[in-house]
Amino acid sequence: MAGIGLFKIFDPKVRRHLIADEGEVVIDEVRHHWVVFFVPMLEVALAAALLVTMLLLSLNAAGVVLFLVLLLLGHAFWRFLTEHRDRFVVTNMRVMRIRGVFSQRVATTPIARILDITLEKPWIGRFMGYGHFIFESAAQDQGFREIRFVSRPDERDLTIQRVIQRTGLRASASVDTVVVSDEDSDDDGTGPIGMDPATEVTAGPVASSHHHAPTRATSKSIFNSDRANWTDGHPDD
C-alpha cells in the first residue's frame with residue numbers, strides 16, 4: 001500500500017489538463033511497459049549487494065562503496081521518475097504527451113490530425129508484451145513522433161483507431177448538417193431572396209371584363225427565369 005501511495009505522489013496528474021467544461025474525458029492513459037524499469041531495478045540490486053560487502057571492508061574502502069551506492073540509488077530513482085511521469089493520453093478530443101520531472105512539458109494535438117500510425121513489435125516485445133508506436137503526421141514535431149515501450153500495443157492501437165474513426169464520423173455529420181441547411185434555403189440565386197423563379201406577385205385589384213356576376217381579379221407579374229426579366233400579364237401570354 002505504501003508503494004501505491006508513493007506512485008500516486010509522483011503521478012503527472014493527467015486530469016488537470018482536461019477541458020472538463022467541453023466534455024473531454026480520458027479514453028486511455030498509456031504508461032510505459034515495466035521493462036523500462038529493468039535497468040533501475042538492476043541498479044538497486046547492485047546497490048544492495050554493495051551495502052552487504054561494506055561489512056567486510058575497511059573504513060576507507062567502505063566510504064568509497066557508500067558513495068557508489070548513493071550514486072546508483074540516485075540514478076535509479078531519477079530513471080524511475082522520468083519513465084513513470086512520461087504518459088501518452090488519448091481523449092475523445094485529442095492526444096497528449098506529458099513528461100518531465102521538475103519541469104513539465106505537455107504536448108497536445110487534435111485527434112483528427114493523426115493520419116498514419118505504425119505499430120512496431122520487435123521479437124522480444126512480442127514475447128514480453130510491448131511495442132512502439134510511430135505517428136506520421138504534423139504531431140511528430142510536438143513530441144509524438146515515437147512512443148516507445150507501450151504495453152498491450154494491439155489493444156492500444158485499436159483504441160486509437162476507434163477514437164479517430166468516431167471523430168471523423170462526427171466531423172462528417174457536422175458537414176452534412178451544414179450542406180442540408182444550405183439546400184433548404186429559400187434563395188436559389190435566380191431572383192430576389194425568398195422568391196422562386198415562377199412566384200406570382202399580386203399587383204392590385206382591377207375590374208373584370210366578363211358579363212356574369214362581377215368578381216375581383218388581379219393582374220400578375222411573372223418572373224421568367226428563361227428570359228431573365230419581369231413580364232406583365234398571364235403566364236400564357
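In this predicted model, Leu 42 is found in helix 2, which spans residues 38–53. The relative accessibility of Leu 42 is 47%, so the residue counts as partly exposed, the class between buried (under 20%) and exposed (over 50%). Leu 42 contributes to a nonpolar surface patch of about 510 Å², made together with Trp 34, Phe 38, Val 39 and Met 41.

Met 41 also appears among the residues that line the largest pocket, a list that further holds Phe 37, Pro 40, Val 44, Leu 73, Ala 76, Phe 77 and Phe 80. Two elements, helix 2 and helix 3 (59–84), each give two or more residues to this lining. Helix 3 supplies the largest share, with four residues. The space in the largest pocket comes to about 160 Å³.

Enclosed space was examined in the model as well. Rolling a probe the size of a water molecule over the atoms shows where empty space is left. One cavity of 30 Å³ or more was counted, and the largest cavity holds about 40 Å³ of space. Strand 2 and strand 7 (146–151) are the elements that give two or more residues to its lining. The largest share, four residues, comes from strand 7. The lining of the largest cavity includes Ile 147, Arg 148, Phe 149 and Val 150, along with Arg 87 and Phe 88. Val 30, Arg 31, His 32, Asp 86 and Arg 97 are also among the lining residues.

Of these lining residues, Arg 97 is placed in strand 3. With a relative accessible area of 10%, Arg 97 falls under the 20% cut-off and is therefore buried. Asp 86 is eleven residues away from Arg 97 along the chain, and the C-alpha atoms of the two are separated by 7.2 Å. Both Arg 97 and Asp 86 are listed in the lining of the largest cavity.

Strand 3 as a whole (residues 94–99) is mostly covered, with five of its six residues buried. In a regular strand the side chains alternate between the two faces of the sheet. Strand 3 pairs with strand 2 (residues 87–91) in the antiparallel sense, over four bridges. Within this pairing, Val 89 has Met 96 of strand 3 as its bridge partner. The two strands form a hairpin, and two residues lie between them.

Strand 3 is also joined to strand 4 (residues 105–110), by six bridges, and these strands likewise run antiparallel. Here the bridge partner of Arg 99 is Arg 105 in strand 4. Strand 3 and strand 4 form a hairpin with five residues between the strands. In this hairpin, Gly 100 takes a positive phi near 120 degrees.

A further buried arginine is located in helix 5. Arg 156 lies in this helix, which covers residues 153–183. The relative accessible area of Arg 156 is 7%, which is under 20%, so Arg 156 is classed as buried. The C-alpha atom of Arg 156 is separated by 10.0 Å from that of Gly 131, and 25 residues along the chain set the two apart.

Definitions and conventions. Residues are numbered from 1 along each chain as its sequence is written. This is a predicted model: local features need pLDDT of at least 70, side-chain atom pairs count only at pLDDT 80 or more; totals for chains, interfaces and linings use all residues. Side-chain values use heavy atoms; hydrogens and water are left out. Buried means under 20% relative accessible area, exposed over 50%, partly exposed in between (1.4 Å probe, protein chains only). Two strands pair if DSSP finds at least two bridges between them. Patches are made of residues with over 30% relative accessible area and no salt bridge: like charges are joined within 9 Å, nonpolar side chains (Val, Leu, Ile, Met, Phe, Trp, Tyr) within 5 Å. Accessible areas come from the Shrake-Rupley method with a 1.4 Å probe; for residues, only the protein chains shown count as cover. A salt bridge is a side-chain nitrogen of Lys or Arg within 4 Å of a carboxyl oxygen of Asp or Glu. On a 1 Å grid over the protein atoms alone, a cavity is a set of points where a 1.4 Å probe fits but cannot get out, and a pocket is an open set with protein on both sides within 12 Å along at least five of seven lines; lining residues have an atom within 4 Å of a point. Grid points are joined across faces, edges and corners, and a volume is the space filled by probe spheres set on the points.
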